[in-house]
Amino acid sequence: TSCGMTDVGLKRGHNEDNFLINEELNLFVVADGMGGHAGGEYASAICVNTIEEIVMAIEMNGSDGGEEVDPVEIARERLRYALRLAGRRIFEKASQEEEFHGMGTTAVALLLDGTNAIVAHVGDSRLYLMRDGKIQQVTEDHSFVARQVKEGLMSEEDAKSHRMRNVIYRSLGYQEDVEVDVQVYAVRKGDRFLLCSDGLTGHVDGDELGEYVGGFGPQEASRRLIELACERGGDDNITALIARVEAVD
Ligand code: CA
């Protein structure tokens, strides 16, 4: 069961976030675009469309030329390729057309493939996993402040209000190719995944996210989280997408 919602927030003129839910593919994506006049929206749209196209197009095939290939490895590389191709397409468009110059996007994608969850991301859009009543952040932001915190140079509290909190060092579209982080987890029945843009996590912290994701169904939780981010200022576009695993086969 899944639900995604996006909202322009209270401070921005338009919404540059995009998300995708494809329940047939068990594919979920959140992308947070930026740059250019209409570039941000366009970049995040290219991103979600490319990822869907690639995951749909590449047939899952356990064997390749008679050699045994691990299906998890195939799914992992397929998702990595989808994000890299999205980045290349955005980069090309941005280089060709003046109005799209400088556009880019973050992306976080979840592919549920049998008993595995494959998570790919670039930038500071996040994926959280809620299991056994506890929520954990699965993705590590490719942001200046996250790196400072990791290296012990900044506290998590200071990172939240730091003037460079929005600076990310990896995204899709700013260069031709980009490194994509991909992780694989064993899925359990009852797992809940939250994919979101920084417009949500800038206003709502991890424990609070857990209260909503654990306390309500995907639709109600998404709606309430967006409301909460707006009540606290709605500084940026806000996207929340929640997927709950009802059965594992
Ligand atoms: Ca944002």
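**Notes on charged pairs and one buried Asn**

1. Let's start with a neighbourly pair: Glu246 and Arg244 join their side chains in a salt bridge, with N and O 2.9 Å apart. Keep in mind as you look around that this is a predicted model. How exposed is Glu246? Glu246 has a relative accessible area of 39%, so it goes down as partly exposed. Arg244 is also partly exposed, at 24%.

2. What can bring side chains like these together? Side chains of opposite charge can pair when their charged atoms come close. How many salt bridges does a search of the whole structure find? The search turns up 20. The next points pick out some of them.

3. Have a look at Asp235 and Lys11, whose side chains form a salt bridge with an N to O distance of 2.7 Å. This pair links distant parts of the chain, since the two residues are 224 residues apart. Asp235 is in the loop between α7 (218-231) and β12 (238-244), while Lys11 is in the loop between β1 (2-7) and β2. Is Lys11 buried or exposed? Its relative accessibility is 54%, and the cut-off for exposed is over 50%, so Lys11 counts as exposed. Its partner Asp235 is partly exposed, with a relative accessible area of 36%.

4. Now for Asp141 and Arg126, another salt bridge, where the closest N and O atoms are 2.7 Å apart. Asp141 belongs to the loop between β9 (134-137) and α3 (144-150), and Arg126 to strand β8 (residues 126-131), so the salt bridge ties together parts 15 residues apart in sequence. Buried or exposed, then, for Asp141? Buried means under 20% relative accessible area, so Asp141, at 9%, counts as buried. Arg126 counts as buried as well, at 17% relative accessibility.

5. Salt bridges can also be joined up into a group. Which residues are linked in a network of salt bridges? They are Glu220, Arg223, Arg224 and Glu227. Try finding these four in the structure above.

6. Last stop: Asn22, which you'll find in strand β2 (residues 17-22). With 13% relative accessibility, Asn22 counts as buried. What does the side chain of Asn22 reach at 3.0 Å? That would be the backbone nitrogen of Leu25. The Asn22 side chain also makes a polar contact with the side chain of Glu52, at 2.9 Å. Leaving out residues up to four places away in sequence, Asn22 touches Leu27, Glu52 and Met56. So Glu52 comes up twice for Asn22: as a polar partner and among the residues it touches.

Notes. Residues numbered from 1 in each chain as written. Predicted model: local features only at pLDDT ≥ 70, side-chain atom pairs only at ≥ 80, totals over all residues. Heavy atoms only, no water. Helix = DSSP H or I, 4+ residues; strand = E, 2+ residues; numbered from the N terminus. Buried < 20%, exposed > 50% of the residue type's maximum accessible area, 1.4 Å probe, protein only. Polar contact = N/O pair within 3.5 Å; in protein donor to acceptor, adjacent residues only side chain to side chain. Contact = heavy atoms within 4.5 Å. Salt bridge = Lys/Arg side-chain N within 4 Å of Asp/Glu carboxyl O.
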